[in-house]
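This report covers salt bridges, strand pairing, the nonpolar core and one buried polar residue. Please keep the sequence and the structure in view while reading.

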Amino acid sequence: MATYQTTYGNAPRKGLHGQIASEEKANKISRTVETPAGIKFGQPVQRGLADHGVAPFAAGGKFIGIAVLTPNVLPDVAPAGGYAQFVTGAFLTSGQMYVRAGGGVSDGDAVYYNPTTDAYVNAAGTGIVGPIPDCFFDTSGSNGDIVEISLKHRSA
């Protein structure tokens, strides 16, 4: 029997880091990136210094949302895979999102972010921020897996 196509595998990818998993009940807001290094897709953010500004989520910051992956960002604008400084980006304040696990995580675990690896974990540690308020892992996985988190929809 002839092979029809060899470009794609038998199943599509599960998702991409920072991609919305479901919009059955979701909310996004627009905010302007204040930091010179920009904001990566899938990175949590907090209130910035200016009106409607955002900066990377840090200890003691007021969490706002998570940067949404979008194809509308110009590919030649740094940072690759994110929003550059002074760009207005989309940030998920509630809903379901795919993210990359930075270790073993389980359904219902609290969610923390490791800025060094740009991945999500289930416990605090050196340089790790969180827990992200009202956010839980909605699927289980291992280091490097794409997993789903729920922001303001579920409890542990």
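A salt bridge here is a side-chain nitrogen of Lys or Arg within 4 Å of a carboxyl oxygen of Asp or Glu. The model is predicted.

**Salt bridges**

The whole structure holds 3 salt bridges. Their N to O distances are listed below.

| Acidic residue | Basic residue | Closest N and O atoms |
|---|---|---|
| Glu-23 | Lys-28 | 3.2 Å |
| Asp-118 | Arg-100 | 3.4 Å |
| Asp-138 | Arg-154 | 3.2 Å |

Glu-23 pairs with Lys-28. Glu-23 counts as exposed because its relative accessibility is 52%. Lys-28 has 36% and counts as partly exposed.

Arg-100 and Asp-118 meet through their side chains. Arg-100 lies in strand 7, and Asp-118 sits in the loop between strand 8 (112–114) and strand 9 (119–121), so this pair ties together parts that are 18 residues apart in sequence. Asp-118 is buried at 12% relative accessibility. Arg-100 is partly exposed, with a relative accessible area of 27%.

Asp-138 and Arg-154 form another salt bridge. Asp-138 belongs to the loop between strand 10 and strand 11, while Arg-154 lies in the segment after strand 11, so the contact links parts 16 residues apart in sequence. Arg-154 has a relative accessible area of 40%, which makes this residue partly exposed.

**A buried serine**

Ser-150 is part of strand 11. Its relative accessibility is 0%, so Ser-150 counts as buried. Which side chain makes a polar contact with that of Ser-150? The partner is Gln-96, at 2.8 Å. Leaving out residues up to four places away in sequence, Ser-150 touches Gly-95, Gln-96, Asp-134, Cys-135, Phe-136 and Asp-138. Asp-138 is also the salt-bridge partner of Arg-154.

**The nonpolar core**

The largest nonpolar core has 29 residues. Phe-91, Tyr-120, Ile-132 and Ile-149 have the most contacts inside this core. At least two core residues come from each of strand 1 (20–33), strand 5 (63–67), strand 7 (88–100), strand 10 (135–137) and strand 11 (146–151).

**Strand pairing**

Strand 4 (residues 53–56) runs parallel to strand 1, and 2 bridges join them. Thr-32 stands opposite Gly-53 of strand 4. Strand 4 also pairs with strand 3 (residues 44–47), in the antiparallel sense, over 3 bridges. There, Val-45 faces Pro-56 of strand 4. The hairpin of strand 3 and strand 4 has 5 residues between the strands. In this hairpin, His-52 takes a positive phi near 60°.

Note on methods: Residues are numbered from 1 along each chain as its sequence is written. This is a predicted model: local features need pLDDT of at least 70, side-chain atom pairs count only at pLDDT 80 or more; totals for chains, interfaces and linings use all residues. Side-chain values use heavy atoms; hydrogens and water are left out. A nonpolar core is a set of buried Ala, Val, Leu, Ile, Met, Phe, Trp, Tyr and Cys residues joined through side-chain atoms within 4.5 Å. Buried means under 20% relative accessible area, exposed over 50%, partly exposed in between (1.4 Å probe, protein chains only). Helices (H or I, at least four residues) and strands (E, at least two) are DSSP runs, numbered from the N terminus. Two strands pair if DSSP finds at least two bridges between them. A polar contact is a pair of N or O atoms within 3.5 Å; within protein, one must be able to donate a hydrogen and the other to accept it, and residues adjacent in sequence count only if both atoms are side-chain atoms. Contact means heavy atoms within 4.5 Å.
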